[in-house]
Structures are given as structure tokens and as C-alpha cells.
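Visitor: I would like a close look at a single part of this model, the sheet and what packs around it. Please take me through it step by step.

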Amino acid sequence: MRIMIVEGDCAVVRLWQDYLGREGFEVTSAETADQAVNALHGGNFDVVLINLVLPDGGAMGIADYIRVSAPQTQVIFVSDQTLFADGSLFALAPNLRMTIKPQMPPRDVAEIVLYCAQIPA
């Protein structure tokens, strides 16, 4: 299963990428929206985890790009913000399947990725 982690915090990327790689996932990472879009050009992903607060502010743009160019790809937003606690984020990004916190243990992230990958697009 191919996943991408779009996250500006290198510690989170390293922790999740190491664990998910050991679990058999093929993991690509990107720190910015531009890097993520370039990686999306290079192949298909089953699930993309995107930090909602990227340094370049492009999280919604990445989700939009995925919705149009790879509608089969599931999106999970990563955020510890409560800005969208009312669920309105799901209306803004129709391909969004879940939101998780960056502090989530890698084992739980792996289970969520597996679950989301099974949801029909």
C-alpha cells in the first residue's frame, strides 16, 4: 500500500515513516504543498496524510488536487487544532475520511490508514 505523509514536522514524519515502513507500507513524505503535488505526479497513492497547518499553507489545495487528479485516493488530515470541530472540514474536502492528531501513536496511524484505504472512493 502506497501512502504519503505531508507534514512539516520532521520528527512526526520520521516516527510515522519508520513505523509504517516496518509494517510493509511504501511511504513517501513531503514537507510542502509543492513537494506533495510533485510526488502525486510520480505515482498513485492509496492514502495521503496531510497536516492541515503546513508551512506554505497548502493543505486544502493538496486535498483539492487529489480529489480531481486521483479520486480513488483517500485523504486524512492531521491537526491538533479545534478550528473545524463542527465537522465543516468534511464539507470543504469531500475526499477527507478522517482527522487525526500529530501525537497519535504510529500503530494507531497504521490501523487508521488500513481502514481508510478500504473505504470506496
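Guide: What follows goes from the sheet to its middle, then to its edge, and then to the helices. The model is a predicted one.

The sheet is open and has 5 strands, in the order 2-1-3-4-5, with parallel pairing. Strand 2 (26–30) and strand 5 are the edge strands, and each of them pairs on one side only. On average, neighbouring strands of this sheet are turned by 20 degrees against each other, direction ignored.

Helix 1 packs on the sheet and touches strand 1, strand 2, strand 3, strand 4 and strand 5. The direction of helix 1 makes about 165 degrees with that of strand 2. Helix 3 (residues 59–69) also packs on the sheet, where it touches strand 1, strand 3 and strand 4. Its direction makes about 160 degrees with that of strand 3.

Take strand 3 next. It pairs with strand 1 in the parallel sense over 4 bridges, and Met-4 stands opposite Val-48 of strand 3. Strand 3 is also joined to strand 4 by 5 bridges, and these two run parallel. Here Val-47 has Gln-74 of strand 4 as its bridge partner. How many of the residues of strand 3 are buried? The count is 5 of 5. In a regular strand, side chains alternate between the two faces of the sheet. In strand 3, Val-47, Leu-49 and Asn-51 are buried on one side, and Val-48 and Ile-50 are buried on the other, so that both faces are covered.

Now move to the edge. Strand 4 and strand 5 pair in the parallel sense over 4 bridges, and Val-78 stands opposite Ile-100 in strand 5. Arg-97 belongs to strand 5 (residues 96–100). With a relative accessible area of 24%, Arg-97 is partly exposed, because buried means under 20%. The side chain of Arg-97 makes a polar contact of 2.4 Å with that of Gln-74.

Ser-79 lies in the loop between strand 4 and helix 4 (88–92). Its relative accessibility is 13%, so Ser-79 counts as buried. Beyond its neighbours within four places in sequence, Ser-79 is in contact with Leu-52, Ile-100, Lys-101 and Pro-102.

Two more helices complete the tour. In helix 5 (residues 106–117), the buried residues are Pro-106, Val-109, Ala-110, Ile-112, Val-113 and Cys-116. Seen down the axis of helix 5, they fall within an arc of 165 degrees, so they line one face of the helix. An α-helix has 3.6 residues a turn, so residues three or four places apart point the same way. The face of helix 5 turned away from the buried side carries the exposed residues Arg-107, Glu-111 and Tyr-115. The buried residues of helix 5 pack against strand 1 (2–6), helix 1 (10–22), strand 3 (47–51), strand 4 (74–78) and strand 5.

Helix 2 (residues 33–41) has Ala-33, Ala-36, Ala-39 and Leu-40 as buried residues. Down the axis of helix 2, these fall within an arc of 125 degrees, so they line one face of the helix. On the other side of helix 2, Asp-34, Asn-38 and His-41 are exposed. The buried residues of helix 2 pack against strand 1, strand 2, strand 3 and helix 3.

Technical notes
Residues are numbered from 1 along each chain as its sequence is written. This is a predicted model: local features need pLDDT of at least 70, side-chain atom pairs count only at pLDDT 80 or more; totals for chains, interfaces and linings use all residues. Side-chain values use heavy atoms; hydrogens and water are left out. Buried means under 20% relative accessible area, exposed over 50%, partly exposed in between (1.4 Å probe, protein chains only). A polar contact is a pair of N or O atoms within 3.5 Å; within protein, one must be able to donate a hydrogen and the other to accept it, and residues adjacent in sequence count only if both atoms are side-chain atoms. The arc is that of the directions from the helix axis to the C-beta atoms. Contact means heavy atoms within 4.5 Å. Two strands pair if DSSP finds at least two bridges between them. Axes are lines fitted to C-alpha atoms, for helices over the stretch in contact, and angles run from 0 to 180 degrees between N-to-C directions.
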